[in-house]
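Me: I am new to protein structures and would like to understand the words people use for them. Could you go through this one with me?

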Amino acid sequence: EDKEGREWVGTRGNGLYIDGKQYTTVFSDSNALAHNSVFSILRDSTGRMWIGTFGGGLNLAIAQDKGYVFKRFLDGSYGQRWIRCLIEDQNGWIWVGTSGGVFVFHPEELLRNPDCYRGYDKQNKSLKSNEIRSLFKDSKGRIWIAESGVGFSVCTPNGDYDKLIFKHYSVSDGLVS
C-alpha cells in the first residue's frame with residue numbers, strides 16, 4: 001500500500017496492479033514497467049514505491065497525470081536484473097537481493113547517479129552465494145541474508161556501506177542443510 005492508501009499488487013507474469021489498474025512491459029517504451037514478473041514491492045521511508053522485477057531489474061514508480069511511469073535501475077548485468085527481495089534498513093538505505101548478490105544504495109544518491117550503489121557477492125568474497133533468496137531486517141537493525149545452497153549471512157549496518165562485514169552460517173555451524 002502506498003502513502004495515499006492505494007493497493008499495489010505484483011504478479012508473476014501479468015505485471016503490476018495499482019488500485020486495480022494494470023501496468024505491464026512495453027518493450028518499445030523505456031518508461032514502462034521493465035518486466036511483467038514483479039517479485040517485490042517496497043515503500044521507502046519517504047513514500048517512494050520501488051518495484052523489484054524478476055528479469056528487468058529495479059523500477060521506481062513516478063506518478064504522472066494519468067498513472068505512472070517507471071525509472072529503471074540495476075539492469076546492467078544479468079544477475080542484477082533478477083530481483084527477489086527489497087528492504088530498507090534503519091539508516092534509509094535500500095537492500096536488493098538478486099541473482100547477482102546483494103546491492104545496497106541510498107535512494108537520493110542513486111537518483112542523482114544510477115551507478116551509485118554497492119555490490120556484495122561471491123566474487124568480492126562478501127557472500128558465499130550470489131543467489132539471494134530472502135532479506136530480513138530484525139528489531140536490532142541487523143540484516144539477515146538467505147543465500148541459496150550455502151546457508152545465510154548476517155550484517156549489522158555500521159554507517160560505512162563501503163565496508164560492510166558479513167557473518168556467515170552454514171552446515172559447519174550446525175545448520176541441517
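Me: What is the order of the strands in the open sheet that contains β8, and how do they pair?

Reply: Happy to help, and please keep in mind that this is a predicted model. The order is β8-β9-β10-β11, an open sheet of four strands with antiparallel pairing.

Me: Which are the edge strands of this sheet, and what makes them so?

Reply: They are β8 and β11 (118-120), since each pairs on one side only. Neighbouring strands of this sheet are turned by 20 degrees against each other on average, direction ignored.

Me: How do you know that β9 and β10 pair?

Reply: Two strands pair if there are at least two bridges between them. β9 and β10 (residues 101-105) have five bridges, in the antiparallel sense, so they meet the cut-off of at least two. You can look for Val 96, which stands opposite Phe 103 in β10.

Me: What is the order in the sheet that contains β12?

Reply: That open sheet also has four strands, in the order β12-β13-β14-β15, and its pairing is antiparallel. β12 (132-137) and β15 are the edge strands, each pairing on one side only.

Me: What makes β14 and β15 a pair?

Reply: Four bridges join β14 (residues 151-155) to β15, and the two run antiparallel. The cut-off is at least two bridges, so they count as a pair. Here, Cys 155 stands opposite Phe 166 in β15.

Me: Why is Thr 53 called buried?

Reply: Buried means under 20% relative accessible area. Thr 53 has 0% relative accessibility, so it counts as buried. You will find Thr 53 in strand β5 (residues 49-53). Beyond its neighbours within four places in sequence, Thr 53 is in contact with several residues, including Leu 33, His 35 and Trp 82.

Me: What makes the link between Thr 53 and Gly 57 a polar contact?

Reply: The side chain of Thr 53 reaches the backbone oxygen of Gly 57 at 2.8 Å. The cut-off is 3.5 Å, so this distance is within it.

Me: Why is Ser 134 called partly exposed?

Reply: Partly exposed lies between the cut-offs of 20% and 50%. Ser 134 has 36% relative accessibility, so that is the word for it. Ser 134 lies in strand β12, where its contacts outside four places in sequence are Cys 85, Trp 144, Ile 145 and Ala 146.

Me: Why does Leu 175 count as partly exposed?

Reply: Its relative accessible area is 29%, so Leu 175 falls in the range for partly exposed. Leu 175 lies in the segment after β15 (166-169). Leu 175 and Phe 152 are 23 residues apart in sequence and 9.7 Å apart in space, C-alpha to C-alpha. Phe 152 is also among the contacts of Leu 175.

Me: How do you know that Asp 89 has no salt bridge?

Reply: A salt bridge needs a side-chain nitrogen of Lys or Arg within 4 Å of a carboxyl oxygen of Asp or Glu. For the buried Asp 89, the nearest side chain of opposite charge is Lys 137, 7.1 Å away. That distance is not within 4 Å, so there is no salt bridge.

Me: What polar contact joins the side chains of Asp 89 and Trp 95?

Reply: The two side chains have a polar contact of 2.9 Å. In addition, a polar atom of the Asp 89 side chain lies 2.8 Å from the backbone nitrogen of Asn 91. Asp 89 itself is found in the loop between β8 (83-88) and β9 (94-98).

Definitions and conventions:
Residues numbered from 1 in each chain as written. Predicted model: local features only at pLDDT ≥ 70, side-chain atom pairs only at ≥ 80, totals over all residues. Heavy atoms only, no water. Buried < 20%, exposed > 50% of the residue type's maximum accessible area, 1.4 Å probe, protein only. Lys, Arg positive; Asp, Glu negative; His and termini not counted. Polar contact = N/O pair within 3.5 Å; in protein donor to acceptor, adjacent residues only side chain to side chain. Contact = heavy atoms within 4.5 Å. Axes fitted to C-alpha atoms, helices over the stretch in contact; angles between N-to-C directions.
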